[in-house]
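Visitor: Can you walk me through this model? I'd like definitions with the cut-offs as we go.

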Amino acid sequence: MTDMNVEPSLRMGVVLAALRTPSFMIGLVLTLVFLFAALLSFVWTPYDVTQLEIANKLKTPSATHWFGTDAFGRDIFSMVMIGARVSIAVALIAVGIGIVIGVPLGLLAAARHGTLLDEIVMRANDLVFAFPALLMAIMITAVFGPSAVNAIIAIGIFNIPVFARLSRGAALSLWQRDYVLAARVAGKGRTLISAEHILPNITNLLIVQGTIQFSLGILAEAGLAYVGLGTQPPLPSWGRMLSEAQTMIYIAPHLAIFPGLAIVFTVLGLNLMGDGLRDIFDPKLRRAR
Amino acid sequence: MLPYMIKRLVSLTISLMAASLVIFFVIEVVPGDPASFMLGLNASPETVAALRDSLGLNAPAPMRYWQWITGLVQGEFGISYTYKVPVSELIADRFWVSMPLSVYALMLSTAIAFPVGVIAAARRNSPTDVSIMGVTQLGVAVPNFWFAMLLVLLFSITLRWFSAGGFPGWEAGFFACMKALTLPAIALALPQASILARVMRSSLLDTLGEDFVRTARAKGLTRRQALWRHALRNALIPVLTIIGLQFSFLLAGAIIIENVFFLPGLGRLVFQSITQRDLIVVKSVIFLLVFAVILVTFIVDVTYAIVDPRLRRARA
Amino acid sequence: MALLEIEKLNVSIKGTPILRDVGLGVDAGEVLGVVGESGSGKSMTAMAIMQLLPVGTEWNGAVRLGGKALETFSEKDMCALRGNEIGMVFQEPMTALNPVQTIGDQVAETILVHSGKSRREARRIAREALNRVGLPEDRFPLDRYPHDLSGGQRQRVVIAMAIALRPKLLIADEPTTALDVTTQAQILKLLKKLVDEDGMGMILITHDLAVVADMADHIAIMKDGEVVEAGDTVTLFREMKHPYTRSLFEASNHVPSRNPVNVPGRGKPVIEVSGVVRDYPLPRRSLFSAPGHFRAVDHVSLAIGRGENVGLVGESGCGKSTLTRAILALDPVQSGEIKLDGGVFSTHGHGPDRDMRRRVQVVFQDPYSSFNPRHRVDRLIAEPFFLLDEQPDREERHRRINEALVNVGLQPSDAHKYIHEFSGGQRQRIAIARALIIEPSLIVLDEAVSALDVSIRAQILDLLADLSDRLAISYLFISHDLSVVRAITDRVLVMKSGKVVEEGLTEDVFRNPRHPYTKELLAATPVLDEALKAREARAAASGLGASS
C-alpha cells in the first residue's frame, strides 16, 4: 500500500501512464463533463428553471427539451445541470472536511502510536463508524431542520474516520521505514517527520481514497435529498428530482431516468478515475491484478 | 478464545455507552430546551412547562441520561409525544420490517458476491473476469433507491410480477411477506453485491500471490485446489470487514428504500417523527439502529476469531 | 544415468531472456549446489523444473527426471509429480505455511493429494514425517498452528511436507537464508541426513559459498542467467577456471587491508555504555494482573575508542537491535548511562541534546527503505544538518555534500539525482555519506552489509575500512554474520538473551572462544576454507579406500 511512491522525476512518466490507462481517461472525461455542466449552470442553462410553465408539463424528451419537462413544466436538462452543481459541491466539501480533520488525526495517532492519544483517536473513529451518514443526517436534521449544509456536515463527519484510519495505517508502516529512523537520528521531531517524510509519501493514497469518497458522497447526497434531508427547494438536486419523479412514475417514467443516469455516470466516472489512479501510482499493483 | 471474546464484549459495551452519549447530547442537549423545540414557536409557556414536566426535562442532563439508559436496559424507551403510546410498541412492529429487509439483503448480497468474486479471481483477465468487473463497476455507481424505482418500473408496472409496494404484515404469512420484501431486498443487495464481489476478487488475488499458495502448488495441488483449500479462507478476513461495514449501509439503505416501496418500517417512522418533532421517537430509533450496527461489528469480530486461529490465542 | 538432467533450458519473460542455455545434472543421493548472486537466475531455474513459472513466462529446453521428459508433461501430469517425486523447500519459512491450517493438515495434504490413502493413514504418515524432521509428537502435536512455531520449526514443517512421500528430488531454494546461524546449521544437517537416508537428489540453491562447500558434491555457478562454471566441488574450487568464480571466492573471503593514519586522540574513549537496561512491557496476561516486562537489554556495558571498530554479534532476539536503538537515542534507557566523548549522552529519563546527538550517526541494513523516495540525494544526505545550531550557507552546504559524496566513492554530480537511479550498493554508499556529513564521532552500522551481494559487500567493507583509517571514525558494527565481523572489526562483543557473554579482541575471540555460546556460534558458522579442507580430506580418504 505504501509503495505508491512516485518519485518527482517520474512525474512526466505519470502523465504518460495516465494517458495510457483507458479506465482513467474514461473516468476523467466523464468527471470533466459533469464538472463543466455544473460550472456552466452558474452562467447558462437552456431554460430558466425558476419559471414554471404548467402548460408545458410532463413533456417527453424532444429536440426542444432534450430530457423532457417535469410536472411544473421545468426543463429537466437544465435541472440536471444545476443538480450537478449541488451534488459536486456537497460531496467535494464533505471530502474536504474528511481530509482536513481526518488526515492530521491519523498522522497524529500514528506518530504517537501505542499511546493513550492513539487509542482515543481510534476509538472515536470506531464510534463515528457506528453512525452511517444517514443516521448522522437524521440526528442533525431532527434538531436543526433539513438543509444542504446539514447534509455536508453529516457526510463530512462520516468521512473523517475514513481518512483518519487510512492515513494512520499507511503512516504506521512508513514509521517503520529506515528513512524515518534516519530522520529521527538527525534529530527531527515527530511533527516535522510527519510533514516532511510521512505526508508526502501517502498523498497518492489520499488522492485515490479522495476520489472514492467523492463518489460515495454524491451517492449519499442523492439519498439524503431523496428522503428530504438534503438540499431544499427551490434549488434542484438529483435526489429530490427522483423523489418527485417517484410520485409520477406511472405517468411519466422519463422523469426518473435522467437524474438517475446523471448520478450513475458521475459516480462511475469518479470510480474509474480512482481505479485508474491506483494503477498509475502503483504499477506493481497493476501487474499483480 | 474466551479472553478475546471478553475483550470484544468490553469494547462492545464501551461503544454502546459512547454512542448513547453522543445521541443524547445531540438530541437533548444541543437544542437547548427540547420541550419548546418539540412544541414549536407558538406554544404557550404553560404548555411548554407542562410538557417539560411530563418528559422529566427539569432534571439535570446527567440525571436524564441515566434515566434514559436504565430505561433502555429494561426495554423502556419512553412515551411518544405525538402518538401518546410507548415508543417500544411503535418500534417493535416496524423493527420487524426493517430488520428482516436488511438481513434478507445482506444474505442476497453475500450469496451473489461470493461466487461472482471467486469466479472472477479464478479466471483473472479472462473475458468472464472483464465482464464481471465491468458490470460490478456499474453496480457500484447505481444508487439503490433509483435502482428500486427501475425495478418497480419493470417488475411491477410493466411485467406486473410484484406489487409496487406495501407490506401485508407478518400475520399474512411468511411467504407473502418475503415476496413483498423481495424487490426492496434486491434493490438494496445488488449495488452492495457489486462492492463485495470486487473486494472478494481482489482479496483472493492478493492471497493467491502469497508464499503459502506457492507451497501448496509445490505439494502438487492444482491451481483450483490451492484456491479453494488455501487462498479462500485467508481471503475471507478482509471480506468479513466489508460485510460488517455493509450491514450499516444496508440498514441506512433500508430506511431510504422503505420510502420507495411504502414499507411501514423504522425509516418511515423516523421521517414522520422528524416532521412532527417527536424527539423521543427519533432518539430511540437512532439508538436502536446504532445498536444494530455495533452488534454486527461484534459478530464480525467473533467471526474473525473463528476464521483466524491467530486471534483465538489469549491475547487479551 | 543422472536423476535429473537439464539441457539448454531457456526462459524468458515477455521477450526478456532470464535463463540462457542452462544445463545441470543431479544424481540420486547427491547434492548439487547452485550458487549465484541476486538476479543470476538460480531461483528461476528451480521454478522451471517445477514448472511453476510466473504467468507470461516462456520456456524451452529439456528437463528429464529419471528418464521422463518433463517438458512434454501436461499441467495435470506435473501436479501428480510435484510433491510426489519432486519436493521443494523455500526461503521464507514465516510465510510459507498457511496461517489458518494446522501443521498436521498441511503435511497430510501432500499425502492426500497424491494417494488414495485415508485421512487417518495420511495423518499417520504426516506424523512420521514430522518426527523425521525433528518435531516430536509430545511438543509438536498435529493440531498446532504455524503461528506457534519459530522460523526454524516452520522450515522443518515445510521440509516435512516436501519429503513426506520420499521424493526422488528435493529442491531447496535458499532454505536457511532467513534463519539464524545456529538454526541454519541444524536445518542443513537435517537436509543432509534426509538426502543420505532416502537416497534423494538435492538441489541446494544459495548465495553462500561456504554453505555449498560444506553441503554440495557438485557446484554450478550462475551469473546473469547462465551457468558459468560447474563441476565437482573440490575440483571447482581448486581450479576456478572462470574469472567470476574467482571473484566470488575472493569476495566471500574478503578482508579489507588496513592502513590507519595517525590521528591525534586515536584510541581515546568515544562512547562508554555502562549498565544499560531496556525493558519492554509485555501484554497483560489477564485483566487483573499487572503488565509484565521483558528485559531485552540487561545491564550491558561496552566502550569504543576513537578510530576503533567494535563488532556486536548475536542471533535474532538477542537484544542487539534494542541496544542499537538505545545508543541511537531512538528509545529511552530504563537504567544505566551512555557517555559520549566524556559527557553524558543519555541516561534514565534524560536524552541527548542536539550537539550530542549529532555525534552519533547510523547506517541501516536495507538500502531500499533507507531513503525518502521523494527527495534528491543532496537533500537526503544533508538531513543531519538539522542538528547543527547554525545552518551552513549555500556554498558550505554544497562543499560538504560534494565532499561526503567523494568520500564514499560517488560523483558530486550524483547530488542532483533521485534515489531510485542508484543500485543497492550505491545506495549504501549514500547512506554512509549521510552518516559522515556532520563528522560524527561514532557511526552505528546496523547490519549495514547484510542485504548486499558478496561482491558489493566486499567493496563496501573496503570503503568502511578506508574511512576509518583516514578519518579515525569509530564504528559499532552490528551483525549476525560472523565472517563479516571478523573481517572488519578490532574488538567483538557476543550478545545472548540481552547480556554480553563474551568480549575481546576479534582475532582472540574467533581463535579461542571461551563462552560456550560463542563456541556454538562459531561451530555453526560455515567457513569456506575449512569446509573445503574437510571435503578434500574426505575425498582423499574415500579415494584411498577405493584404490586399496
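Guide: Sure, starting with a definition: contact means heavy atoms within 4.5 Å. This is a predicted model, where local features need pLDDT of at least 70 and side-chain atom pairs count only at pLDDT 80 or more, while totals for chains, interfaces and linings use all residues. Residues are numbered from 1 along each chain as its sequence is written, chains are lettered from A and ligands numbered from 1 in the order in which they are written, and side-chain values use heavy atoms, with hydrogens and water left out.

Visitor: Okay, what share of the contacts in chain A with a separation of 6 or more comes from residues 24 or more positions apart?

Guide: That share is 71%.

Visitor: And how many helices and strands does chain A have?

Guide: Chain A has 11 helices and zero strands. Those labels are DSSP runs, numbered from the N terminus: H or I over at least four residues for a helix, E over at least two for a strand. The C-alpha atoms of chain A fill a box of roughly 75 × 50 × 35 Å along the principal axes.

Visitor: How much of chain A counts as buried?

Guide: 58% of its 289 residues do. Buried is under 20% relative accessible area, exposed is over 50%, and partly exposed is in between, with a 1.4 Å probe and protein chains only.

Visitor: Moving on to chain B. How many residues of chain A are in contact with it?

Guide: 39 residues of chain A are in contact with 48 residues of chain B. The area buried between the two chains is about 3800 Å², and carbon and sulfur atoms give 80% of that. Buried area here is the accessible area (1.4 Å probe) that two parts lose on being put together, summed over both.

Visitor: What's the salt bridge count between chain A and chain B?

Guide: One. Asp275(A) pairs with Arg198(B), with the closest N and O atoms 3.0 Å apart. The rule wants a side-chain nitrogen of Lys or Arg within 4 Å of a carboxyl oxygen of Asp or Glu. There are also four residue pairs in polar contact across chains A and B, both residues at pLDDT 80 or more.

Visitor: What makes a polar contact?

Guide: A pair of N or O atoms within 3.5 Å; within protein, one must be able to donate a hydrogen and the other to accept it, and residues adjacent in sequence count only if both atoms are side-chain atoms.

Visitor: Back to those four pairs. Which helices of chain A each supply at least two residues of the side that touches chain B?

Guide: They are α4 (116-129), α5 (133-144), α8 (190-226), α9 (238-247), α10 (254-281) and α11 (283-288). Of the elements of chain A, α10(A) gives the most to that side, with 11 residues. By class, the side of chain A that touches chain B has 32 nonpolar, four polar and three charged residues. Ala, Val, Leu, Ile, Met, Phe, Trp, Tyr, Cys and Pro count as nonpolar, Asp, Glu, Lys and Arg as charged, and the others, Gly among them, as polar.

Visitor: And how many residues of chain C are in contact with chain A?

Guide: 25 residues of chain C are in contact with 25 residues of chain A. About 2200 Å² is buried between them, with 58% from carbon and sulfur atoms. The rule finds two salt bridges across that interface. In a salt bridge there, the side chains of Glu383(C) and Lys188(A) meet at 2.9 Å, N to O. Strand β16 (residues 360-363) of chain C gives the most to the side of chain C that touches chain A, with three residues. That side has 11 nonpolar, seven polar and seven charged residues.

Visitor: New topic: what's the strand order in the open sheet of four strands in chain C?

Guide: The order is β2-β1-β4-β5, with antiparallel pairing. Two strands pair if DSSP finds at least two bridges between them. β2 and β5 (68-69) of chain C sit at the edges with a single partner strand each, so one side of each has no neighbour in the sheet.

Visitor: Over how many bridges do β1(C) and β4(C) pair?

Guide: Eight. Leu4(C) stands opposite Leu65(C) in β4(C). Strands β1 (residues 4-13) and β2 (residues 16-26) of chain C pair over seven bridges, and the partner of Ile6(C) in β2(C) is Leu24(C). Lys14(C), in the hairpin of β1(C) and β2(C), takes a positive phi near 45°.

Visitor: Last one: is Asn309(C) buried or exposed?

Guide: Asn309(C) is buried, with a relative accessible area of 0%. Its side chain makes a polar contact of 3.5 Å with the side chain of Ser468(C). A polar atom of the Asn309(C) side chain also lies 3.2 Å from the backbone oxygen of Ile488(C).
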